[in-house]
Every structure is written in C-alpha cells, then in structure tokens.
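Trainee: I would like to go through this model with you. Where do we start?
Mentor: With the structure itself, then the reasoning behind each label.

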Amino acid sequence: MTDTLLGGFLPFEHEPYFNFAQDTVAALQRAAFQQVRQRYVGQHFPLYIGGKRVEGDDLFEVRNPADTREVVWHFPRATPEQRDQAVAAAQTAFEEWRLSDPLQRATIFKRAAELLRARRMEFNAVMTLENGKNWAEADGEVAESVDHFEVFARETLRWAQGKPVYPMPDEHVTTVYEPIGVVACISPWNFPSAIPLGMALGAIAAGNTVVWKPASETPLSSLLMVELLFEAGLPRGVIQFLTGTDDVLGDPLVDHKDIRMIAFTGSREIGCRIYERAARVQPGQKWLKRVMAEMGGKDPTVVCADGDLEAAALGIVQSAFGYAGQKCSACSRVIAEDSVYDELLERVRALAAEIQVGLPEDNAPVGPVISAGSAERIMKYVHSGKNTARLVLGSEHPDVGERQGGYVQPTIFADVAPEDPLFQEEIFGPVLAFTRARDWQHAIDLANDSDYGLTAAFYSRDPHKLAEARRRMHVGNLYLNRKCTGALSGTHAFGGYGMSGTNAKVGGPDYLFWFLQTKTVAQRY
Ligand SMILES: NC(=O)c1ccc[n+]([C@@H]2O[C@H](COP(=O)([O-])OP(=O)(O)OC[C@H]3O[C@@H](n4cnc5c(N)ncnc54)[C@H](O)[C@@H]3O)[C@@H](O)[C@H]2O)c1
Ligand SMILES: N[C@@H](CCC=O)C(=O)O
C-alpha cells in the first residue's frame, strides 16, 4: 500500500531559482526587503516549548553583519529550567508522534513546501539581514529548503515500507524501522534554514521529536521554518525551539540523559567535543547516544593539463568566493598541474579581481563575513600567509563606506606549500591557496593530503583520469568538471570523509537510517 502512496508523491523536481536579472523579479525581492524590515526589524521572538510560545525576559540582540550597528531582532536566552522543560516536552510528544502515520508526516511536509514556495522572497530577505547572504545565495538555500520538504515527504514513506529479508518456509519475518527518541539538532550560522531543517526533518520524518537549537547569529531563519511546519499541521509539541547561550544549551543539552541523539553541524572543534561527551553514559540514561557530527572542510579543486581552464577558473572563483568563502564546501585549495598552473592562476586572479564586495541587501556579488571577529581571524591567516606564500590578490579592506562589518577582499596566495596552514586549516573566508603539482597523479596525492574530506572538484577531459579521480579522491562529495559547492537535496547526498564528520549524507537515500532503529519480527503460525 505504501508503494502506491509513494507513487503518488512522484515525480520530483528541484525547486528552480529566481532569475534576479529580470527587473520584475528583482523588484519583488526589493519589496520583500521592505516588508521584512517593517514586519520583523526591532521585534522580539519567542521560544517554543511543549507546543507553547514562550516569551523570554533575558534577550540577546541579532545584528546585521552588513552593518553591525544595526540590531535587527531579539531572541530569548533560554534558562536551564526551560532547556529541561523542552527535553521533557519532547519526550512526552514522542509517545504520540512515534506512532504517527507516515502519510500524515509526508502530507505535512508537502504542505510546508507549498507554504514556503509562496514566501520564498520573505525568507530570502530575513536570511540576508541576519547572515549576510546576497539574494542568489539566500535564494539557493531557501530553494534547498523547499527541496528538503519534498524529499523528506518521500523518504518518510519509503522507509515506512521496511526492507525485504531472505524468506524461511515456516516463519514470517519482517524488518521494520522505528524511531529512537528525542533528537537535539544543533546548527551553524552559515546555512541557517536548510541545515537545521535537514536535520530536524530527518528526525521527525523518522517519527522522533526535536529540540532545535539554532546558531545565535541567525535564529530567525530557523524560527520561521519551525513556525511554517506548525502552520503546515505539525503537532506543536514535536519541535521545541530554544535559543540562547552555549553554557546552557551546549554541553548540558548534549549531556542530558533524556537526549537520545545529537544531530550536529558546525566546526570540527565542537563536533569532536560533542562526539566525546556523548559517549559518556549519564546516570539514568538507558541507551548509547547516537551522534551525527558534520564538520568542516579544506576542499580542493584539481585541474589537469587537459582540463577546460575557462570552466575550471569560473568554477573555482564561484566556489571559493561565493558567500565570502563561508561554506564548508567552498574551494579553498587549487592544485594544478605544472604546465597549466600559471595560466589558470592568471585566469582565476583576473576573474576574482572583478568581484565587487558590498552590501548583500543590494545583491553585491560578495558581502561581509559573519562578524568582525571572524574577519580578524581570517586576516591573521592572510598576514602570516604573506611570509610563507606569494600573495597574488587581495589582503586589503574593501571600501564599504561607513558601514561596520567584517568585509574581506577575495584573496589568493600562490605557491603554497602542503605543510602551510593556508593549505591545511579551514579558514572559512574568501582566501584561496594555489599549489603546483608535478603531474595529475601528484595533484590527487596533494588533494588527499588533508585531515578533511568533504568536497572536491576535478577538471579533466580524459576518461582514464576521471575514473582514477573517482577511485582515489578521498572525499564524500566529488564533482567532476564542475564546481564543488551547491549540492542539491535528493540528488547530491551531502557529507564528508575523515575529519569532515560522520558522513551522514543529508538529502541522500540512507539519511533517515541515522534516525531509526531496526526491528526484526519473526512469527510462526
Ligand atoms: N559539513 C557540513 O555539512 C557543514 C555545513 C555547514 C557548516 N559546517 C561547518 O560549520 C562551521 C561554521 O559554523 P559555526 O561557526 O556556527 O560552528 P560552531 O561549531 O562554532 O557552532 C555550531 C553550533 O554549535 C553550538 N555549540 C557551541 N558550543 C557547543 C557545545 N559545547 N555543545 C553543543 N553545541 C555547541 C553553537 O551555538 C552553534 O549552534 C565551519 O567549520 C563549517 O565548515 C559544516
Ligand atoms: N551543502 C552546501 C554547503 C553547506 C556547508 O556550508 C553546498 O553543497 O555547497
């Protein structure tokens, strides 16, 4: 029966992006900024616990990274009591939600997709104002969120079917998947809707309940998704929404005995910390906690001598400097064969030199990094890089008038040695390292010389080299003859190797298994 239902949810198409080059579309997006400013700026937003909206007394400010003098909105700092109430409420809601009909879940997600389609420009504008994405980057993420709703609607039905087993003549044996409990979803600021949404939908599509803890820099993009799900019919107790400080919502949430799983996306430092802490069984805890930890990257683009240099240069510039390099998937290393190294470097330099850094609300190609502190950290790499490598572009502060924010110019270093921090460490900003390889095989060795293994791009026209790249590149997401950013839900299951994390592969066919446990039932008649 579920097969028939799943059939009713097909076919699937990725949500198309808005074409902001069209005047009418651009005018609508501008109007959405005005509406969002009128409706949301200056507002105080709530927590959600046990289906109730909870106002807080102790508020923190969210600032516009494009001009940090502007406070855009306020959110509450949850107290330890509210954290514990949220976990308890999620436990209570689990008893009902775990038995919910997968078709009910799928229908809610489909409805949420429809609701979001109608409000995409509003969600884009909110994201721009709190995390500095330009229109296209924000739109890419909101479109990905629509895709997540559509994909998870189908995945919840698919997993509800169970899996066939090898039969026995005298027993009827089934393998079915059941939910596990309360999942804490902890997310970063750089993808404030699609990333927490992917984790939360994984949890609730599987029949679990959620404590959703967004990054403090970007809580409204997350809250709007939660409220959208409520509007679509999700029983309100299924998601608890908590904002606040890491001393209340970090270690203590991870350590909580009633948390069954932590779904985390963020830095390597915090991911490793969670992994370690969650391994300790707390008094009263009745399970081994499961941890999904999706972490950073140091993503290479390999360019072979026979590759299309024009396409490679464009792909490198888009993936290295789009959203100021603040994607875990961003290209941060280029490894090119000796014979094309200089030409490729010049092509990339010329394209990158044209990039204008400016206001994301005006749709500048590159906006600010998330904060002044982040810019300072990035500039430390740039300053020390000048002593270890050859600066080809950047390193100055772009002119953005009187605005205060962490604006960093696209920066390129050439002749970077493999042991250089520019080659090994995630900088999470618009800083690109070029390294020369003797030949294409050496280039693959250099690409693999990293603790991380998230994404990589590989450019060649030679089928033998492409096949070898498929076999040898040690990454979770390998892109041949295209840029290494922009995974699409349902198609490019996303997650890395090595210290990039647990390889959970959000948006992929196995993702829901992370949130399920398997029951075998054998019956004799
Ligand atoms: N692999 C991926 O899919 C992916 C996607 C996006 C971002 N990232 C990575 O995220 C990082 C940038 O994000 P960030 O700066 O927000 O990361 P972060 O690790 O500093 O913070 C992530 C979240 O963890 C919370 N947190 C902080 N201390 C905690 C603790 N002790 N216990 C539990 N939670 C705690 C934060 O409040 C935040 O919500 C980069 O390294 C980037 O590569 C990875
Ligand atoms: N999924 C995004 C990256 C998310 C990390 O920051 C991409 O594929 O570019």
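**Ligands and their contacts**

Trainee: What makes the pair between ligand 2 and N190 a polar contact?
Mentor: In this predicted model, an oxygen atom of ligand 2 lies 2.9 Å from an N or O atom in the side chain of N190. The cut-off for a pair of N or O atoms is 3.5 Å. The N190 pair is within 3.5 Å, so it counts as a polar contact.

Trainee: Which distances hold for S329 and for A487?
Mentor: For S329, an N or O atom of the side chain is 2.7 Å from an oxygen atom of ligand 2. For A487, the partner is a polar backbone atom, at 2.8 Å from a ligand 2 oxygen. Taken alone, ligand 2 exposes 280 Å², and the protein buries 95% of that.

Trainee: Which residues surround ligand 2?
Mentor: N190, F191, K327, C328, S329, T485, G486, A487 and F494. By class, the shell splits into 4 nonpolar, 4 polar and 1 charged.

Trainee: Why is K327 in the shell of ligand 2 called charged?
Mentor: K327 belongs to that shell. Lys counts as charged, so K327 takes that label.

Trainee: What makes the E426 pair with ligand 1 a polar contact?
Mentor: A polar side-chain atom of E426 is 2.6 Å from an oxygen atom of ligand 1. The limit is 3.5 Å, so the E426 pair qualifies. D251 offers a polar side-chain atom at 2.9 Å from a nitrogen atom of ligand 1. G266 uses a polar backbone atom, 3.3 Å from an oxygen atom of ligand 1. Taken alone, ligand 1 exposes 860 Å², of which the protein buries 88%.

Trainee: Which residues come nearest to ligand 1?
Mentor: Of the 28 residues around ligand 1, these are S187, D246, S267, M295 and E426. The shell holds 15 nonpolar, 7 polar and 6 charged residues.

Trainee: Which elements supply at least two residues each of the ligand 1 shell?
Mentor: α10 (251–255), β9 (261–265) and α11 (268–278). The largest share, 3 residues, comes from α11. At domain level, domain 1 (47–55 + 80–295 + 504–524) and domain 2 (299–488) each give at least three residues to the shell.

Trainee: Where does UniProt place the aldehyde dehydrogenase domain?
Mentor: An unreviewed UniProt entry places "domain: Aldehyde dehydrogenase" at residues 59–521. Over residues 59–521 the chain is 40% helix and 19% strand, with the end C-alpha atoms 50 Å apart.

Trainee: How do you know how confident the predictor is?
Mentor: The mean pLDDT of the protein is 97, and 98% of its residues reach 70 or more. The model scores ipTM 0.99 and pTM 0.97.

Methods: Residues numbered from 1 in each chain as written. Chains lettered and ligands numbered in written order. Predicted model: local features only at pLDDT ≥ 70, side-chain atom pairs only at ≥ 80, totals over all residues. Heavy atoms only, no water. UniProt positions renumbered as here; feature names shortened; annotations may be inferred. Helix = DSSP H or I, 4+ residues; strand = E, 2+ residues; numbered from the N terminus. Near = heavy atom within 4 Å. Polar contact = N/O pair within 3.5 Å; in protein donor to acceptor, adjacent residues only side chain to side chain. Areas by Shrake-Rupley, 256 points an atom, 1.4 Å probe, with all protein chains shown as cover. Domains from an automatic or database assignment. pLDDT = per-residue confidence, 0-100.
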